[in-house]
Amino acid sequence: MSAGFDWLFFFEISLAGLGSGGLLALTGLAFVIIYKATRVVNLAIGEMLMVSAYLFFALAASMALPIWAAILGTVIASGAIGALVERTMIRPMLGESPISTFMVTVGLSSILVGIVELVWTADPRRLPEFMPGDPVLLGEAMVAPKVFYGFLVTALLIGAVLLVFRFWRGGVALRATASDQAAAYSMGINVPRVFSLAWTAAAMIAAVAGIVVGAIGGISSTMGVFGLSVLVVVIVGGLDSVVGALVGGLMVGLVEAWAGAYLGGEFKMIATFALLIVVLLVRPYGLFGTHEIERL
Amino acid sequence: MTTIAPVLEIDQLTLAFGGVKALNGVSLQVMPGSITSVIGPNGAGKTSLFNTISGFYRPASGTIRYRGENITQRPAPQRAKLGLARSFQNIALFRGMTVLDNIKLGRHAHLKTNVLQALFYWGPAQREEAALRADIEERIIDFLEIDHIRHASVAALSYGLQKRVEVARALAMQPQVLMLDEPVAGMNREETEDMARFILDLRDEWGITVLMVEHDMGMVMDLSDHVVVLNFGEVIASGTPREVQSNPEVVRAYLGSGEVAQRTVVEAAST
């Protein structure tokens with residue numbers, strides 16, 4: 001704590017970190033919903049997010065729909081894709097080993113990248129501007145407007161999702177299914193529909209994350225690597241913990257931002273994975289995860 | 001007497017896993033208000049039969065009729081809604097939740113509120129229904145004597161209590177037929193006697209038909225109105241406990257042949 005420490009700079013960096021951390025948390029939430037309901041480790045979450053960003057690009061830029069219609073259309077189409085993926089690729093894997101299903105999602109991510117590159121080529125693109133452009137001031141600290149509004153959207157959506165799953169019967173069904181599938185099934189809970197619902201909801205959540213990530217940094221067929229950070233988030237937080245995804249997302253976001261600012265951009269990933277290793281050493285099942293989770 | 005129709009009627013049920021026939025032409029009837037037990041050596045197909053009746057397995061052939069309706073093709077959740085509840089051989093409770101939450105989930109099948117109602121609207125009809133449900137839950141908790149652990153996490157409970165909570169959860173579904181898969185397995189004598197008393201009360205006070213799989217012969221013979229014996233996926237005998245006990249084929253299947261086995265059965269029959 002030297003006298004020359006720039007607190008304002010630190011504060012601004014931290015806010016930016018929280019901004020990207022919110023997006024990680026949101027995507028982590030999508031991952032956790034799928035894992036909780038179906039016990040599938042979905043490596044394709046980053047690519048699902050990417051496909052949604054391109055769908056938004058197609059609707060908002062190519063078809064020039066109003067922004068609200070493009071967002072709505074993207075979320076609905078992404079949900080449909082999620083349901084389709086569950087029905088055609090994941091459901092048939094029921095009863096197979098977790099590794100096999102995991103590999104299916106690896107394949108899925110390649111397919112999604114392939115489709116996007118076929119349709120839109122591999123060139124990076126920019127999404128149309130739709131957020132207010134004036135810098136936001138929090139006290140003395142300045143926050144990039146896209147990061148600020150992105151975080152706002154993210155926080156609202158996370159809140160809504162938590163409320164829905166807390167109070168809606170489907171949320172109860174999800175928790176019961178996550179806890180014991182056979183018991184839930186015998187209790188009148190339609191387990192296949194819970195699976196389908198989980199994938200649909202996760203794809204929709206990932207779609208919103210994809211739109212915000214794309215709006216901040218542009219879109220490209222390689223933006224699915226965002227999913228790698230998300231994987232760190234959910235492993236840090238615990239694969240089956242919603243709270244874990246939220247806390248883990250913010251933690252990874254902050255660590256990446258601090259490492260990028262004080263150590264240099266190339267240290268971002270190193271810091272993230274160092275955090276991962278430390279957490280795995282201390283709590284192998286994640287900060288908030290339950291003990292009896294899959295070993296991959 | 002003969003005009004009473006069976007509540008559950010299983011006809012020529014066959015279930016195969018690859019080349020292995022877990023059930024081979026199994027037929028049995030469960031009369032309303034009875035306690036019917038399915039017994040048989042390990043691997044005889046008792047749990048397979050249960051899983052087929054509750055809809056976890058699809059039979060290769062045969063029919064399952066519940067209150068006269070053919071439910072063979074119905075998925076498990078629908079059967080639960082019709083009033084066919086079950087417990088599991090290896091306890092299947094929602095482990096992260098409390099006893100009360102587990103019981104509340106038992107009524108899941110009967111709730112019809114959608115997301116908007118749950119979030120924004122809580123009308124008088126729902127309130128009334130909720131009160132009714134709460135009343136039933138209280139009765140169940142009272143009946144099974146689990147009041148003192150209602151807020152305990154199920155994972156922390158003893159095995160015997162967990163089994164009891166499982167029965168409570170099944171009861172919350174307000175079943176007409178309750179299927180119990182080894183309700184007293186692994187229990188000590190006192191817990192077994194408690195459970196036996198509960199099962200009798202279920203029939204006599206709650207009017208619930210009980211179909212159970214159990215290895216505890218003393219309990220099966222004491223409680224059952226009707227006993228069905230399975231061996232290698234086939235029904236080898238059925239009838240009252242006394243009839244089944246004196247059936248030589250049952251003795252052979254269960255205890256092997258030989259003098260010691262014969263004497264054991266005779267002793268069991270006389271207790």
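In this predicted model, D181(B) sits opposite V213(B) of β8(B). That pair belongs to a longer match-up: β7(B) and strand β8 (residues 209-213) of chain B run parallel and are joined over 5 bridges. β7(B) has another partner too, since strand β6 (residues 84-86) of chain B pairs with β7(B), again in the parallel sense, over 3 bridges. Here V177(B) of β7(B) is the bridge partner of L84(B).

Strand β7 itself (residues 177-181 of chain B) is mostly covered, with 5 of its 5 residues buried. In a regular strand, side chains alternate between the two faces of the sheet. In β7(B), V177(B), M179(B) and D181(B) point one way, while L178(B) and L180(B) point the other way. Both sets are buried, and D181(B), the residue facing V213(B), is among them.

Chain B also holds an open sheet of 4 strands, this one with antiparallel pairing, in the order β2-β1-β4-β5. Its edges are β2 (20-30) and β5 (69-70) of chain B, each of which pairs on one side only. At the β5(B) edge, strand β4 (residues 61-66) of chain B is joined to β5(B) by 2 bridges, and the two strands run antiparallel. One of the pairings there puts Y66(B) against E69(B), its bridge partner in β5(B). A helix also lies against this sheet: α1 (residues 46-53) of chain B packs on it and touches β1 (8-17), β2 and β4 of chain B. The direction of α1(B) makes about 65° with that of β2(B).

Over in chain A, two helix pairs are worth a look. For one of them, helix α2 (residues 45-62) and helix α3 (residues 67-90) of chain A, the axes lie 9 Å apart and the packing angle is about 140°. Angles over 145 degrees would count as roughly antiparallel, so α2(A) and α3(A) are classed as oblique to each other. The crossing of α2(A) past α3(A) is right-handed. On the α2(A) side, the contact is made by V51(A), S52(A), L55(A), F56(A), L59(A) and A60(A). α3(A) contributes I67(A), A70(A), I71(A), G73(A), T74(A), A77(A), S78(A) and I81(A). Sorted by class, this contact has 10 nonpolar and 4 polar residues, with no charged ones.

For the other pair, helix α10 (residues 242-262) and helix α11 (residues 267-282) of chain A, the axes come within 8 Å and cross at roughly 140°. α10(A) and α11(A) are therefore oblique to each other, and their crossing is right-handed. α10(A) brings M251(A), V252(A), V255(A), E256(A), A259(A) and G260(A) to the contact, and α11(A) brings F267(A), K268(A), A271(A), T272(A) and L275(A). These residues divide into 7 nonpolar, 2 polar and 2 charged.

That leaves the place where the two chains meet. There, 23 residues of chain B are in contact with 18 residues of chain A. On the chain B side, α2 (76-82), α3 (99-106) and α4 (115-120) each supply at least two residues. The largest share, 4 residues, comes from α2(B). By class, the side of chain B that touches chain A has 15 nonpolar, 5 polar and 3 charged residues.

How values were computed. Residues numbered from 1 in each chain as written. Chains lettered and ligands numbered in written order. Predicted model: local features only at pLDDT ≥ 70, side-chain atom pairs only at ≥ 80, totals over all residues. Contact = placed C-beta atoms within 7 Å. Nonpolar A, V, L, I, M, F, W, Y, C, P; charged D, E, K, R; others polar. Axes fitted to C-alpha atoms, helices over the stretch in contact; angles between N-to-C directions. Parallel < 35°, antiparallel > 145°, perpendicular 65-115°, else oblique. Left-handed = near helix turned anticlockwise from the far one by under 90°. Buried ≥ 20, exposed ≤ 12 C-beta atoms within 10 Å, placed from the backbone. Pairing = 2+ DSSP bridges.
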